Amino acid sequence: MRPLNLVPLIDLFLLLALFGLMLAQFPEALSGGIAQERALRVELPQGEGTPGGGAVLIELSRDGRLALEGKPLPSLKALEEALRALPLGDRPVRLEADREAAHGQVVAVMEAVRRAGGKGVQVAVKK
């Protein structure tokens, strides 16, 4: 009697483990939705609101780090310059600020948006 070949079984389990790790990294793939690229981990505050679409995404972490459309930025001045380079037009700007971010940082980001020509800022919340 021939010995049982375990190599294909091991390959299968390794592929399943790899697939599981990939899904753990990208949970939006499970929901089938298209999620925007994130550069920072932001914990939104609780609140009531309606989701807005087509907005330019700005992220602000609790320690003051900034990102625009998934790309980290070093400072508020860099954010303002990057916003000026974008064709904002009537597109709203959505600010996803961590619930632990300082109020002064949030206001400074909103002022940078205003100086860059943004028409309005949507503040994102979690239901």
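Which residues point one way from β4, and which point the other way? In this predicted model, V93, L95 and A97 are turned to one side of β4, R94 and E96 are turned to the other, and all of them are buried. The sections below place this strand in its surroundings.

## Overall layout

The protein contains 4 helices and 5 strands, and when these elements are read along the sequence they follow the pattern α-α-β-β-β-α-β-α-β. Of the 127 residues in the protein, 27% are buried.

The 5 strands form an open sheet with mixed pairing, and their order across the sheet is β3-β2-β1-β4-β5. At the edges lie β3, residues 71-73, and β5, residues 121-123, each of which pairs on one side only. Neighbouring strands of this sheet are turned against each other by 30 degrees on average, when direction is ignored. As general background, strands of a sheet pair through backbone hydrogen bonds, and they may do so in either a parallel or an antiparallel way.

## Strand β4 and its neighbours

Because 5 of the 5 residues of β4 are buried, this strand is largely enclosed by the rest of the structure. The arrangement of its side chains, with V93, L95 and A97 on one side and R94 and E96 on the other, can be set beside a general rule. In a regular strand the side chains alternate between the two faces of the sheet.

On one side, β4 is joined to strand β1, residues 56-60, by 5 bridges, and the two strands run parallel. Several residue pairs can be followed along this border: V56 has V93 as its bridge partner in β4, L57 stands opposite R94, and I58 stands opposite L95. The pairing of β4 with β5 is also in the parallel sense, and it extends over 3 bridges. Here the bridge partner of R94 is Q122 in β5, while R94 also stands opposite L57 of β1.

## Strand β1 and the hairpin

Strand β1 is likewise largely enclosed by the rest of the structure, because 5 of its 5 residues are buried. V56, I58 and L60 point one way from β1, whereas L57 and E59 point the other way, and all of these residues are buried.

Strand β1 also pairs with β2, residues 66-68, through 3 bridges, and these two strands run antiparallel. In this pairing, L60 stands opposite L66 of β2. Together β1 and β2 form a hairpin with 5 residues between the strands, and in the turn G64 has a positive phi of about 90 degrees.

## Two buried acidic residues

E96 belongs to strand β4, which covers residues 93-97. Its relative accessible area is 8%, and E96 is therefore classed as buried, since the cut-off for that class is under 20%. The side chain of E96 is joined to that of R94 by a polar contact of 3.3 Å. E96 and Q122 are 26 residues apart in sequence, and their C-alpha atoms are 8.6 Å apart in space.

D98 is found in the loop between β4 and α4, the latter being residues 103-115. D98 is buried too, because its relative accessible area is 4%. The side chain of D98 reaches the backbone nitrogen of E100 at a distance of 2.8 Å.

## A nonpolar patch on the surface

Is F13 buried or exposed? F13 is found in helix α1, residues 7-25, and it counts as exposed because its relative accessibility is 51%, where the cut-off for exposed residues is over 50%.

F13 is also one of the residues in a nonpolar patch on the surface, which is formed by L4, L6, L9, I10, L12, F13, L14 and L16. Together these residues have about 840 Å² of accessible area. The surface patch, with F13 exposed, can be contrasted with strand β4, where 5 of the 5 residues are buried.

Conventions
Residues numbered from 1 in each chain as written. Predicted model: local features only at pLDDT ≥ 70, side-chain atom pairs only at ≥ 80, totals over all residues. Heavy atoms only, no water. Buried < 20%, exposed > 50% of the residue type's maximum accessible area, 1.4 Å probe, protein only. Polar contact = N/O pair within 3.5 Å; in protein donor to acceptor, adjacent residues only side chain to side chain. Patch = residues over 30% accessible without salt bridge, like charges linked within 9 Å, V, L, I, M, F, W, Y side chains within 5 Å. Areas by Shrake-Rupley, 256 points an atom, 1.4 Å probe, with all protein chains shown as cover. Salt bridge = Lys/Arg side-chain N within 4 Å of Asp/Glu carboxyl O. Pairing = 2+ DSSP bridges. Axes fitted to C-alpha atoms, helices over the stretch in contact; angles between N-to-C directions.
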